[in-house]
Amino acid sequence: MFAQMLAPIYDRLAELESALESGSRQGRNAIQLGTVAKVVNGRRVVIAIGKASTPAIKWFALWAGDVIEYRCPSVGEMALVLNYGSGDNSQSSIALVGIASDQFPFPIDDPNLVHQQIGDLASLTWNKETGGLKITAPGGVELETPLVSSTGDIKDQVRTMAADRDIHNGHDHPHGDPTVGKANQTQ
């Protein structure tokens, strides 16, 4: 008799327990740490989370509007998966990449430098204290612009452009017929 009277209470407790477990599972699935397992068409990634994996999902880019940036994540790169679809469906997820790891550690540890490492060869390093910028590009630098302007001098391995101007402006031709003097047009 008591069992019959308590049956609705037991049923309600079972419902609450199930809802609590469902909410707990959704909470656990809302934010998860994994690694990029696969890049799909250069536009989406599959993230491995333990033995499970997400479907192909988008990744977070620093800019994606009128100013846009593209940097495809690397396989093995750590990713924080944010599930904005209530934690049940991984289709409603996005990957936040750019987390340093043992496989992809930060290349420097100087807080005064802003450094971008591109592959094994190229890099950009800004020094916040001096304002200096160092570009390492062993394959060359191509500028697609009608004019390159500088407020200072430009130097190659031999000398500066100002030193070249001094040589040109100060040279003469003391040979030939007639003897030619100093350049009459300065650079």
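Here are some short exercises on this predicted model, each with a worked solution.

In the predicted model, local features need pLDDT of at least 70 and side-chain atom pairs count only at pLDDT 80 or more, while totals for chains, interfaces and linings use all residues. Residues are numbered from 1 along each chain as its sequence is written, and side-chain values use heavy atoms, with hydrogens and water left out.

**Exercise 1. The overall plan**

Task: find how many helices and strands the protein has, and in which pattern they follow one another.

Solution: Start with the count, where helices (H or I, at least four residues) and strands (E, at least two) are DSSP runs numbered from the N terminus. The protein has two helices and eleven strands. Next, walk along the sequence: the pattern reads α-β-β-β-β-β-β-β-β-β-α-β-β.

**Exercise 2. The six-stranded sheet**

Task: work out the strand order of the six-stranded open sheet, and which strands stand at its edges.

Solution: First recall that strands of a sheet pair through backbone hydrogen bonds, either parallel or antiparallel. Two strands count as paired here if DSSP finds at least two bridges between them. The order is β3-β2-β1-β5-β6-β4, with mixed pairing. The edges belong to β3 (52–53) and β4 (58–59); each has a single partner strand, so one side of each lacks a neighbour in the sheet. Now look at β4 itself: two bridges join β4 to the parallel strand β6 (residues 93–99). Lysine 58 lies opposite isoleucine 94 of β6.

**Exercise 3. The three-stranded sheet**

Task: describe the open sheet that contains β7, β8 and β9.

Solution: The strands are ordered β7-β8-β9 and the pairing is antiparallel. At the edges are β7 and β9 (133–136), each pairing on one side only. Finally, zoom in on one pair: β7 and β8 (residues 122–127) share six bridges in the antiparallel sense, and histidine 115 faces threonine 125 in β8.

**Exercise 4. Valine 114 at the surface**

Task: locate valine 114 and decide whether it is buried, partly exposed or exposed.

Solution: Valine 114 sits in β7 (residues 113–118). Buried means under 20% relative accessible area, exposed over 50%, and partly exposed in between (1.4 Å probe, protein chains only). Valine 114 counts as partly exposed because its relative accessibility is 39%. For the whole protein, 12% of the 187 residues count as buried.
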